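Colleague: I am new to this structure and would like a close look at a single part. Please take the aromatic rings and go through them in one connected account.

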Amino acid sequence: MVFFLVAACNGEKDITTVFPSITPEPSFTPTFTPTKIRPTRTFPPPPTRTPFPDYQTRQVIFNYYVVGNHADYNLFFAPESCCSITRMVLYNDGQLLIADKANTYKQKVLSPAEIKEFLSKLETLGFYSLESNQQHDPTDKLYDFGNNYQESFDALRDCIFVDADRSRNLCVYEPNLQFLIPKMKNIIKYLDEYEPAGMTPYYPDRIFLSIETIDPATENLPATAIPWDEHFREMPSATVYLDGEMAKEIFMLFASKENGIVFSQNGNEYMVYIRVILPHEKLTNAN
């Protein structure tokens, strides 16, 4: 079951969702030593979907993302948002988010001139003139395999979506990156290196936590786990949705940490993983 943890300490049942455009940096900075341990994962039964709070998602004009991701959270994303992780996204109001590390994004609001320059560069590099049938095989003109083509399955795809004056969605298959034609390689390189001056940390207003119980008799746990603060409420072994100030506060514990974190509560140990929910991502609001 999806659990909703409430940010208030006074027992209120309503969940308040915050929609910041530019979120100020919190006044505190927790410093925890990240664990490198990834214990054997034992998953709870598929949770029952519970309605999520209403959220006004943002309009995207550019999205550089990876699709094909398999994760527990996918069950709760609407089809148009499922199974993908965003590397860089630009919204119609100019807000730009760029992935920094595993759980971290940077942000900046681009001026109309900066937006135009960014999109014009894509056009100059030939994004709209590239030919591709999106088959990712020897018939696909995005690649030059020579005699080196090898078929592969169920791998990730790196995709570029634009919905501005011109629209296009173009994907490349990660196992074939070395065979991309030079024009496509240059586009990927441009996006991977793009970072305008003046970026600041981004703090999400929605997150998922995947919480897994650890058996201390069988797992190699760290000498000390991080105590789970009592005001975060009881920790269930499940997928948890959080929004508002509590989502921001808990996110700070995970920022820049590539692996899960071991927490302790009431004598039990838990491995906890985080998934940031970006402003354009839609959740499944089914019962």
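**Aromatic rings and their partners**

Modeller: The charged end of R206 sits over the ring of Y55, 3.6 Å from its centre. This comes from a predicted model, as does a similar arrangement in which R166 lies over the face of Y128, at 4.3 Å from the ring centre.

Rings also pair with each other, and the structure holds 17 aromatic pairs. A pair of aromatic rings is described by the distance of the centres and the angle of the planes. One of the pairs is formed by F52 and F208; their centres are 5.9 Å apart and their planes are at 70°, which makes the pair edge-to-face. F52 belongs to the loop between β1 (3-4) and β2, while F208 belongs to strand β9 (residues 206-214), so this pair ties together parts that are 156 residues apart in sequence. Each of these two rings can be placed by its accessibility. F52 has a relative accessible area of 6% and is buried. F208 is at 0% and counts as buried as well.

The pair of Y143 and F145 is stacked, with 5.2 Å from centre to centre and 25° between the planes. Y143 and F145 are both buried.

F52 and F208 also belong to a wider group: ring pairs link them with Y73, F76, F77 and Y241 into a cluster.

One further aromatic residue, F118, lies in helix α1, where I115, L119 and L122 are buried along with F118. Seen down the axis of α1, the buried residues fall within an arc of 85°, so they line one face of the helix. They pack against β2 (60-67), β3 (84-91), β6 (157-163) and α2 (182-193).

Methods: Residues are numbered from 1 along each chain as its sequence is written. This is a predicted model: local features need pLDDT of at least 70, side-chain atom pairs count only at pLDDT 80 or more; totals for chains, interfaces and linings use all residues. Side-chain values use heavy atoms; hydrogens and water are left out. Buried means under 20% relative accessible area, exposed over 50%, partly exposed in between (1.4 Å probe, protein chains only). Helices (H or I, at least four residues) and strands (E, at least two) are DSSP runs, numbered from the N terminus. The arc is that of the directions from the helix axis to the C-beta atoms. Contact means heavy atoms within 4.5 Å. Rings of Phe, Tyr and Trp (its six-membered ring) pair if their centres lie within 6.5 Å; planes under 30 degrees apart count as stacked, over 60 as edge-to-face and the rest as tilted. A charge sits over a ring if NZ of Lys or CZ of Arg is within 6 Å of the ring centre and within 35 degrees of the ring normal.
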